[in-house]
Amino acid sequence: MTDRPETPPTHRRRPRYSGTHPRRFADKYKELTPEKYPEAIAHVRARGKTPAGQHVPILVEAVLDVLAPRPGELAVDATLGWGGHAERVLERLMPGGTLLGLDADPIELPKTDARLRARGYSEDALRIRRTNFASLHSAIGEAGWHEGADVIFADLGLSSMQIDDPARGFSFKHDGPLDMRMNPKRGLSAAEWLARTSPDLLARAFADSDERDADAQRIAETIALRQGQLRTTPDLVRAVRDALHGVVPDVDVEMSVRRVFQAVRIAVNDEFAVLDALLRQIPMCLRPGGRVAILTFHSGEDRRVKRAFAEGLRDGTYGEVARDIIRASPDERRANPRAGSAKLRWARRASALSVRPDRS
Ligand SMILES: C[S@@+](CC[C@H](N)C(=O)[O-])C[C@H]1O[C@@H](n2cnc3c(N)ncnc32)[C@H](O)[C@@H]1O
């Protein structure tokens, strides 16, 4: 003990923002600490918005309906995100079941892990692994589920937490570094990818995201002229606007900005290749009679899921597949604009006896 008087702890005020509706992500401190401010969260949700740092799951009842998880079963959520779908599936698996939650994102995953553990789920009920879903088969093997899972679910793309966080660089609406990696510790950032990719490949990537060929070429050439200088999200927005200025109407330019951001994100995360890998592995990861459901958000994803399920039905791997896509109701779309582009497809693994011999 010393006889010096104790220094009182210095009180630090939170930096103030002007106005009542903070625009900067870091200033939305009430939304970012939902446990302390439940009324603020309810207020944001009532306005049809997603609170910062959270994600509103899409088509939850339809997902539960087609996956039909039952007590004691084994389920995989290949895109855990905020854990919204996972929590509802977990409720149905209890007692005795287990959910294996995968996600590639090292930034959001520990927060989801902590939140779900705080609900009381032990390692027996919930296992969480940070991995790309392209490694689904090994993740299931490591879990010791050698006969496969009863249920597999994937909700593709990004969570609202990732989109809203300017530091991740996913959104043209926020000022941030051009990163866009699901796992910022792996691979090239968007800035690096743009600096290293030839104009022809850039143009093809933009056209694959439904940009008109001539506009895709113009944007690619503008980016190539600024090679190495595009470091932030506004830099990329400006490049697209400059490329199309006076060539297409302003409203269309903003759609091009969206498409280019989506194309760059798909390329940086190799999204089509990892989705193809997931779709190839699902049949061998499902028990006979097991169910899979996938939520997609654009035509490049949906086309792949549709084709994989149709091929599986044809060769007898799947006993039944969705005849039609399931979409969100107008009410859900109003409450959550992200639901507008969502398409849900499902398939059921054939029972072992009905698998037809390989005809190739
Ligand atoms: C739309 S969110 C999922 C939201 C979740 N269903 C919920 O209710 O909270 C998609 C998640 O998938 C993750 N993800 C995207 N691609 C992935 C991949 N190839 N492997 C693993 N996780 C991936 C993203 O990091 C993101 O957290």
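**Cores, pocket and cavities**

The residues lining the second largest pocket divide into 13 nonpolar, 14 polar and ten charged. This is a predicted model.

Q: Which helix gives the most residues to the lining of the second largest pocket?
A: Helix H4 (84–93) and helix H13 (271–285) each supply at least two residues of this lining. One helix gives the most, with four residues: H13.

Q: Where does the second largest pocket lie, and why?
A: Its lining has 37 residues, and those closest to the pocket centre are Asp103, Ala104, Asn132, Phe133 and Met182. Domain 1 (60–160 + 272–354) gives residues to the lining, and so does domain 2 (183–268). The pocket therefore lies between domain 1 and domain 2.

Q: How much space lies in the second largest pocket?
A: The lining of this pocket includes ten charged residues. The space in the second largest pocket is about 670 Å³.

Q: Which helix gives the most to the largest nonpolar core?
A: This core has 33 residues, and Leu194, Phe206, Ile223, Leu236 and Val264 touch the most other members. Helix H8 (190–196), helix H9 (199–208), helix H10 (213–225), helix H11 (233–244) and helix H12 (250–268) each supply at least two residues. With seven residues, the helix that gives the most is H12.

Q: Which residues does Leu236 touch, leaving out those up to four places away in sequence?
A: Leu236 is among the members of the largest core that touch the most others. With residues up to four places away not counted, Leu236 touches Leu178, Met180, Leu194, Ile223, Leu230, Val260, Phe261 and Val264.

Q: How many residues make up the second core?
A: This core is separate, and its members include Ile58, Leu80, Phe153 and Ala339. The second core has 32 residues.

Q: What is the volume of space in the largest cavity?
A: Asp208, Ser209, Asp210, Gln262, Ile266, Phe272, His298, Ser299 and Gly300 line this cavity. Domain 1 (60–160 + 272–354) and domain 2 (183–268) each give at least three residues to the lining. The lining divides into two nonpolar, five polar and two charged residues. The space in the largest cavity is about 50 Å³.

Q: Which element gives the largest share of the lining of the second largest cavity?
A: The second largest cavity is lined by Ala75, Val76, Asp77, His85, Val89, Leu99, Val151 and Phe153. Strand E1 (74–77), H4 and strand E4 (149–155) each give two or more of these residues. The largest share, three residues, comes from E1.

Methods: Residues numbered from 1 in each chain as written. Predicted model: local features only at pLDDT ≥ 70, side-chain atom pairs only at ≥ 80, totals over all residues. Heavy atoms only, no water. Core = buried A, V, L, I, M, F, W, Y, C linked by side-chain atoms within 4.5 Å. Buried < 20%, exposed > 50% of the residue type's maximum accessible area, 1.4 Å probe, protein only. Contact = heavy atoms within 4.5 Å. 1 Å grid on protein atoms, 1.4 Å probe; cavity = no way out; pocket = protein on both sides within 12 Å on 5 of 7 lines; lining within 4 Å. Points joined across faces, edges and corners; volume = space filled by probe spheres on them. Nonpolar A, V, L, I, M, F, W, Y, C, P; charged D, E, K, R; others polar. Domains from an automatic or database assignment.
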